[in-house]
Amino acid sequence: TGSTRPERILAAVQRKATKGDARSVVNTIDQYCRYQEWAMNVGDEKGAILDSIVCEVKPSVMLELGTYCGYSTVRIASMLPPNARLLTLEFNPAYAAVARQVIAWAGVEDKVVLIEGPSGDWIPKMKEEFGVTSFDLVFLDHWKDRYLPDTKLMEECGLLRTGSILLADNVICPGTPEYLEYVRGSPRYESKYFRSHLEYTRVEDGLEKSVFLG
Ligand SMILES: O=C(CSCCNC(=O)c1cc(-c2ccc(F)cc2)cc(O)c1O)c1ccc(O)c(O)c1
Ligand SMILES: [Mg+2]
């Protein structure tokens, strides 16, 4: 049996990126996915928007839904201060196995807690299992039809506080219509669309930033 795409991305990182240098890992993955084979990382263009929002929010406790190969995990963790924590949730064990190694190669493992399993199961356990009070920033990048149910679940579990920010990838492509309708229509959120492109392509996509008003 041949290798999988995530395994080939990991091989490129271990071959070309400087160990312990998060930016080198990010650049290597972008290079590989732009010129060798496309993969569903948030990418360099939307990644720059993600960076600016992480920089603005300076989260102490952050949640990422959808780790995949760990590209955005490394991108975010490299911008967090030492005592900040990034919890990242991945359903697919094969993706998680690759992500652990990418995160380690980048040298950001001390800031990252990678959790394996379904978001619907883990979100209600965040407080008791990981001592989370609430999330300062949540990056939604997992199954697109889970954005809305998981947002409602985070509200119900008291994981969002006044000022918590949701940042959602792929709101145009593949698209998250029910989620967009909810955050744009709800008086409990202040939403803003950041127009961009689907990673490594000219197809329109964007990020939706929604502030929870409590
Ligand atoms: O894929 C999953 C679900 S998690 C990944 C969610 N992310 C996406 O689906 C995602 C998709 C696209 C995208 C894909 C094809 C296009 F033509 C255009 C866009 C872009 C993104 O930025 C994304 O984040 C999963 C598969 C099998 C399992 O066995 C499992 O466990 C999980
Ligand atoms: Mg995405």
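Trainee: Why is the pair formed by an oxygen atom of ligand 1 and an N or O atom in the side chain of Lys-144 called a polar contact?

Mentor: The two atoms are 3.0 Å apart, and a polar contact with a ligand is a pair of N or O atoms within 3.5 Å, so the pair qualifies. This is a predicted model, in which local features need pLDDT of at least 70 and side-chain atom pairs count only at pLDDT 80 or more, whereas totals for chains, interfaces and linings use all residues. Side-chain values use heavy atoms, leaving out hydrogens and water, while residues are numbered from 1 along each chain as its sequence is written, and chains are lettered from A and ligands numbered from 1 in the order in which they are written.

Trainee: Which distances apply to the side chains of Asp-169 and Asn-170?

Mentor: An N or O atom of the Asp-169 side chain is 3.2 Å from an oxygen atom of ligand 1, and for Asn-170 the distance is 2.7 Å, so both pairs meet that cut-off. The protein covers 69% of the 680 Å² of accessible area (Shrake-Rupley method, 1.4 Å probe) that ligand 1 has on its own.

Trainee: What makes a residue count as near ligand 1?

Mentor: One of its heavy atoms must lie within 4 Å of the ligand; there are 15 residues around ligand 1, with Phe-91, Asp-141, Lys-144, Asn-170 and Glu-199 coming nearest.

Trainee: How do you know where ligand 1 sits?

Mentor: A molecule sits in a pocket if more than half of its atoms lie within 2 Å of the pocket's grid points, and by that test ligand 1 sits in the largest pocket.

Note on methods. A polar contact is a pair of N or O atoms within 3.5 Å; within protein, one must be able to donate a hydrogen and the other to accept it, and residues adjacent in sequence count only if both atoms are side-chain atoms. On a 1 Å grid over the protein atoms alone, a cavity is a set of points where a 1.4 Å probe fits but cannot get out, and a pocket is an open set with protein on both sides within 12 Å along at least five of seven lines; lining residues have an atom within 4 Å of a point.
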